[in-house]
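The following paragraphs lead through two parts of one structure, a metal site and a helix. Please keep the sequence and the coordinates at hand.

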Amino acid sequence: MEATLQRKLATFLLEAEENVHDVKRITETKVPELTVDQAYKIQRDLVDLKLKKGLTIVGPKMGLTSKAKMDQMNVKDPIYGYIFSNMVHEGGSNISRKELIHPKVEAEIAFVLGEDIEGPGITAAQVLRATAYIVPAIEIIDSRYENFKFTLPDVIADNASSSKVVIGDKIKLPNELDLALVGTTLEINGELKAAGAGAAVLGHPAHAVAMLVNMLAKSGEKLHKGEVILSGAITEAILVESGDTVYAKWDGLGEVSFSFVD
Ligand code: OOG
Ligand code: MG
């Protein structure tokens, strides 16, 4: 794909995010033959545009790592995207619904790295050794595509629907609990909407992070000390509306909540 078209598509998706409106899938209207590799190049341009605006990367994230998510979004492979400094909120925050198109929430387990990790060939055990601590997180995803529908290349180009993350403050060392067995519940306005366990994420969330490092190695990238890495939703994502309070709880890892205002 020509560099100018690549940059044009990145700008098109960034404009939709910044001005809070949906767009038609780029594979429907602009690049029907888009491959996964080309989609990651568009994503890279989008990331570079954000960096040029002065935003910083909090960490890459994995997505579509659980069967529930793959079935819900009708895609078959895990993907990655990037979380930026302006996307992060503390637990208990009020978040503006007006800044988002059609947000959905997901309960996740996040890894904060104590050292750099570089693939290929990284295992889950190596990820756990490189992890300084684990925190719970609610990711708010917000596809820029109409009706939250996309193909795999579409969603990759759209930075894996990244929008916001609410990060908890209870931290655990990776060897303090078995992350595969961490049970999670997700409630909206006190009503249980989804439940699952860490094992839903590729058998163990550390596998998802290992897969991420190995995928990043293909483009010569790595994970850095201090980055916060989301390992992917444990359950399907749930649509949220203005006025909703979202609350998630993880066995042994604490709880996170936030409310949507306006
Ligand atoms: C893509 C992002 C998926 C996850 O945790 O699975 C994701 C989407 O479903 O829109 O962040
Ligand atoms: Mg996610």
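Along the sequence, the residues that donate to the magnesium ion (ligand 2) follow the spacing E-x1-E-x30-E. E108 belongs to strand β5 (residues 104-113) and E139 to strand β6 (residues 131-141), so this pair ties together parts that lie 31 residues apart in sequence. The model is a predicted one, and the distances at the ion are to be read as such. In it, E106, E108 and E139 each coordinate the magnesium ion (ligand 2) through OE, at 2.0 to 2.1 Å. Water is not among the atoms, so the site may look incomplete. Of these donors, E108 and E139 are buried.

The second part is helix α1, which covers residues 3-18. Its 16 residues reach 22 Å from the first C-alpha to the last, close to the 22 Å expected at 1.5 Å a residue. Which residues of α1 are buried? They are Q6, L9, A10, L13, L14, A16 and E17. Viewed down the axis of α1, these buried residues fall within an arc of 160°, so they line one face of the helix. The general background is that an α-helix has 3.6 residues a turn, so residues three or four places apart point the same way.

The buried residues of α1 are covered by elements that include α2 (26-29), α3 (36-52) and α6 (152-157). On the face of α1 turned away from its buried side sit the exposed residues T4 and K8. After α1 comes V20, which has a positive phi, near 55°.

Terms used
Residues numbered from 1 in each chain as written. Chains lettered and ligands numbered in written order. Predicted model: local features only at pLDDT ≥ 70, side-chain atom pairs only at ≥ 80, totals over all residues. Heavy atoms only, no water. Helix = DSSP H or I, 4+ residues; strand = E, 2+ residues; numbered from the N terminus. Expected span 1.5 Å × (residues − 1). Buried < 20%, exposed > 50% of the residue type's maximum accessible area, 1.4 Å probe, protein only. Arc of directions from axis to C-beta. Contact = heavy atoms within 4.5 Å. Donors = N, O, S within 2.8 Å, 3.2 Å for Na, K, Ca; no water.
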